[in-house]
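Got the structure open in your viewer? Let's walk along the protein–DNA contacts, one strand at a time.

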Protein chains: 2
Amino acid sequence: MKGEKKRGRPRAFDAKAALGKARDVFWDRGFAAASLDNLSAATNLNRPSLYGAFGDKEDLYLDTLERYRQDGMDVLTEALDPSLPLRDNIARVYAGALAIYLHGETAARGCLLIGTASAEAVQHERVREVLGRSLNDFDDEIEKRMRLAVERGELPRSADPEMLARLASAVMHSLAVRARAGDSRETLEAIARSGVELICGSAP
Amino acid sequence: MKGEKKRGRPRAFDAKAALGKARDVFWDRGFAAASLDNLSAATNLNRPSLYGAFGDKEDLYLDTLERYRQDGMDVLTEALDPSLPLRDNIARVYAGALAIYLHGETAARGCLLIGTASAEAVQHERVREVLGRSLNDFDDEIEKRMRLAVERGELPRSADPEMLARLASAVMHSLAVRARAGDSRETLEAIARSGVELICGSAP
DNA sequence: AGAATTTAATGCGAAACGGTACAAAATATG
DNA sequence: CATATTTTGTACCGTTTCGCATTAAATTCT
């Protein structure tokens, strides 16, 4: 599949690594304020190479969002390992989120989607679509775990898995915003703990 | 105080109304993607007039954020009218928020602060400061009402007013993000209802 | 009435922007 | 070795950007 040698001059860069660098630029500056010069400098790619490999700025941004979404889903499903108690699952979700959100040079970057895609979502329909789909996929994944919790008796039969999942997500959304607003790690961890308590209050 | 006639040529525009129009531009496009031409067209002010009245684009944006924050606090304190039950208070907070968030021409605009200031917060320290202060002020106002609820017996003595307030805010943050992501009013109202239930679960 | 002061309108200018044309370089194929 | 194909690097194009310089207009003060 991959062994077929391509005809022309081979690429002198790793597309995956370049996308990672581009993602960091978008993460810090947002889509609109990220210039092609910024992206070119961060990736060590000339603008034409960037364009040739990933299309225009919007294409590159959407690719970046999609990758980020997928990576986030991977972290989420790992955190929700059903062999662990529900409480631990939700705590791990928040811990995983904070590990991502609290990683900035000047200030914490929060969530790429919530922090930067939200700004573009009103005018750019494609961005709004990715953002909406990402939030829904997260909700759905947590909801599956909540349903399992009800089946297992970790949560009472009266619990509403869909709504509990959305509220569990809500705490994460808030962590994303607050991280970007400059809240301390301690504050965020306290909110995460309280969130676990509130959502899983009736769980053992 | 205001009757003193100023010396030169009088202004031909209402600064308050102009700020409102500028706010709408920022709300739809975010700070970086809002050009002075956009702002000039929306306010019916020439760029030099805009500049003379409000300073540069960042000054205008920060003014806009500050006004929005103040307006939001007014809505909040009104919603938290202590003569009403806690449940009604929180429900009114969310209803007030949704009335603001779900008012867009192309798509819902969500919260100006969460939707647009978050994007700039990493690089612009002043924006981050306003955003952080706004979130904190909201938390504090709700916390006051929570403390009162504990004193009155609406909440059990074991309740933690600070954390309950932050979680009540968290639901609102999530509503802001989801509105901008395109979620329907029905979905958002359902989340708000569940949020009230979860936060005020032990209240009468 | 005339000077002083403030705002309005036109338009400029330097810089940054996104995107691309074009030629040189590097590889596979015949 | 020659040709086809793809990537790289430089340089550039037209547009948009923000901010301001300058002049005309409107009002108050003397």
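Start by selecting DNA strand D in this predicted model and show what lies around it: 26 residues, with Ala12(A), Asn46(A), Arg7(B), Leu36(B) and Tyr51(B) the closest. Color those neighbors by type and you'll get nine nonpolar, five polar and 12 charged. Now look at the DNA side: of the strand D atoms within 4 Å of the protein, 76% belong to sugar or phosphate, and the rest to bases.

Next, zoom in on a few arginines. Arg7(A) has a polar side-chain atom 3.3 Å from a sugar or linking oxygen of DNA strand D. For base contacts, pick Arg9 in each chain. In Arg9(A), a polar backbone atom sits 3.0 Å from a base oxygen of DNA strand D, while in Arg9(B) a polar side-chain atom is 3.1 Å from a base nitrogen of that strand. Which elements give two or more residues to this surface? Highlight helix H3 (47-54) of chain A, plus helices H2 (36-43) and H3 (47-54) of chain B.

Over to DNA strand C. Select its 26 surrounding residues; Leu36(A), Arg47(A), Tyr51(A), Arg9(B) and Ala12(B) come nearest. Here sugar and phosphate make up 73% of the strand C atoms within 4 Å of the protein.

Stay with chain A for three phosphate contacts. A polar side-chain atom of Tyr51(A) is 2.5 Å from a phosphate oxygen of DNA strand C. For the side chain of Lys57(A), an N or O atom lies 3.1 Å from a phosphate oxygen, and for Ala34(A) a backbone N or O atom lies 3.4 Å from one.

Last stop: show H2 (36-43) and H3 of chain A with H3 of chain B, each supplying at least two residues of the surface near DNA strand C.

Methods
Residues numbered from 1 in each chain as written. Chains lettered and ligands numbered in written order. Predicted model: local features only at pLDDT ≥ 70, side-chain atom pairs only at ≥ 80, totals over all residues. Heavy atoms only, no water. Near = heavy atom within 4 Å. Polar contact = N/O pair within 3.5 Å; in protein donor to acceptor, adjacent residues only side chain to side chain. Helix = DSSP H or I, 4+ residues; strand = E, 2+ residues; numbered from the N terminus. Nonpolar A, V, L, I, M, F, W, Y, C, P; charged D, E, K, R; others polar.
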